[in-house]
Amino acid sequence: MRWSWLTRTRGLAVLAGVAFLLILFSPQIQRRPLMIIEQPLLLIESWLQRAIGGIRTAASDWTDRYVDLWNLGDENRRLRDQVARLEQEVAHLQEQLGAAGRRDDLDAFGKTFTDLAMVADVIGRDPTNWYQSVVINRGQRDGVKMDMGVAVQDGVVGRVVKVMPKTAVVLLVSDRNSVVPGLIQRGRDEGLIEGVGGKRLRMKYVSTLASVQVGDLVITSGLAGTFPKELRIGTVSAIERMPDAISQELMLTPAVDLDRLEEVLVLPLMDVETETVR
Amino acid sequence: MNALTVIVLCLLIVPLQMQVTGLIAVAGIRPDLPGVVVYGIGLLGGPWTGGAAGLLVGLLVDRFSGGLVGPQLIAKLCIGLVGGVLGRRLLLANATTHGAICFALFLLQGVWMTITIWWRTGEGWRELYLTAVPEACYTAVIVMIGLWVLRRRMGERTERLTLLVDR
């Protein structure tokens with residue numbers, strides 16, 4: 001009895017299996033899949049795929065970040081170095097641009113007097129505290145000669161007092177040994193401008209009849225041949241009139257900030273009578 | 001002292017004075033580093049070496065300054081000679097002693113420079129208190145600080161320095 005039930009059940013199961021396979025592989029089913037079975041499976045599969053994909057992405061991100069962390073310190077240092085180097089490069093280029101601009105301006109300013117004016121860089125200050133001078137990077141080989149005038153756009157700087165093959169020493173207008181003939185622009189009264197040490201100039205031998213006011217501009221007269229006419233020297237800051245004196249003295253503030261010279265213009269010697277380059 | 005070392009020091013100190021000391025200027029006054037170097041060479045090398053160093057440095061300073069050639073040459077020669085004469089007697093003296101000697105030496109140099117300026121321009125006595133005294137003070141302070149730092153770094157090795165100089 002028992003055997004017969006088992007035999008019967010197995011037979012039914014085999015029949016059911018064969019029938020299922022026949023149905024599954026029938027052309028009808030192949031063309032149109034079983035939606036009831038397929039759809040939930042695909043849904044679950046897609047969830048699983050998404051989940052696994054998410055985990056994989058997360059794991060990948062995490063490992064990437066972990067690996068990146070190992071290199072982050074080095075990269076950070078490298079980038080910092082790069083930024084510092086680039087900042088320095090930018091500052092250097094800006095400085096070069098500024099210097100080139102200043103040189104161009106100075107060159108154009110020099111051309112208003114003569115084509116022979118040359119731009120020079122200030123490369124050093126007087127080695128002592130006793131004189132006020134600067135050293136420029138132009139010398140005998142560039143055609144610099146003694147007593148040539150040196151100026152910037154703002155006005156007179158000084159004159160060349162020592163010439164070496166590749167450098168020259170420029171005595172500043174504020175030095176005690178410096179004398180420049182000049183005139184007061186408004187009244188055209190002449191005098192001699194001397195340095196007094198420090199940051200002031202003194203204009204001597206100005207007639208007591210001259211009408212001078214504080215703030216008057218003093219310019220070069222072009223008489224010595226060192227400077228062309230009408231370069232600014234300074235402005236009158238004080239007037240000293242001595243009783244019974246035949247001349248008065250004026251204290252001037254230099255037109256040029258002599259502590260901040262970087263580029264200067266070396267002017268050729270001029271013929272006083274013809275006002276041309278010697 | 002090695003002659004080459006002396007020459008290199010003398011050649012280096014003048015451009016250094018022209019380019020760098022402006023950065024440590026106080027009210028426009030800079031220490032006289034070439035003078036200090038000449039004094040130091042005199043102390044270590046004796047009067048002949050000090051005098052020779054003074055001549056070389058003085059000539060360079062005069063050449064690159066806006067004044068006459070001569071005053072600094074004579075001043076630095078004297079500083080080198082004095083440093084050389086004092087040399088071995090005072091080499092190990094304390095920083096204050098060297099500061100005082102430098103103050104006196106550089107003040108004398110200042111008086112000498114004032115005389116040369118007065119001789120040329122007829123004025124300039126104000127430079128005595130505007131330039132000479134501040135320069136002497138500043139240079140003396142620099143010498144004292146320099147020696148103090150040197151002694152701290154060298155410590156007991158100063159004995160070896162004496163032996164080196166004696167050789």
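I started with burial in chain B: 44% of its 167 residues are buried. Note to self: this is a predicted model.

**Fold of chain B**

I looked up the secondary structure next and got seven helices and zero strands. Along the sequence I read α-α-α-α-α-α-α. I then checked the dimensions, and the C-alpha trace spans about 50 × 30 × 30 Å along its principal axes. The radius of gyration is 16 Å, which agrees with the value near 15 Å for a compact globule of 167 residues. I also took the contacts between residues at least 6 apart in sequence, and 67% of these join residues at least 24 apart.

**Contact with chain A**

Here I counted 24 residues from chain B and 19 residues from chain A. On the chain B side, α1 (3-19), α3 (47-64), α5 (95-121) and α6 (127-154) each give two or more residues. I find that α1(B) gives the most, with five residues. Sorting that side by class, I get nine nonpolar, ten polar and five charged residues.

**B:R63**

I picked out B:R63, which sits in helix α3 of chain B. Is B:R63 buried or exposed? Neither label fits: I have 17 other C-beta atoms within 10 Å, so B:R63 is partly exposed, as buried would need 20 or more and exposed 12 or fewer. Leaving out residues up to four places away in sequence, I find B:R63 touching A:K162 and B:V69. Last, I checked B:R63 against B:A25, which is 38 residues apart from it along the chain; their C-alpha atoms are separated by 22 Å.

Terms used:
Residues are numbered from 1 along each chain as its sequence is written. Chains are lettered from A and ligands numbered from 1 in the order in which they are written. This is a predicted model: local features need pLDDT of at least 70, side-chain atom pairs count only at pLDDT 80 or more; totals for chains, interfaces and linings use all residues. Two residues are in contact if their C-beta atoms, placed from the backbone, lie within 7 Å. Helices (H or I, at least four residues) and strands (E, at least two) are DSSP runs, numbered from the N terminus. Ala, Val, Leu, Ile, Met, Phe, Trp, Tyr, Cys and Pro count as nonpolar, Asp, Glu, Lys and Arg as charged, and the others, Gly among them, as polar. The radius of gyration is taken over C-alpha atoms; the globule rule is 2.2 Å times the number of residues to the power 0.38.
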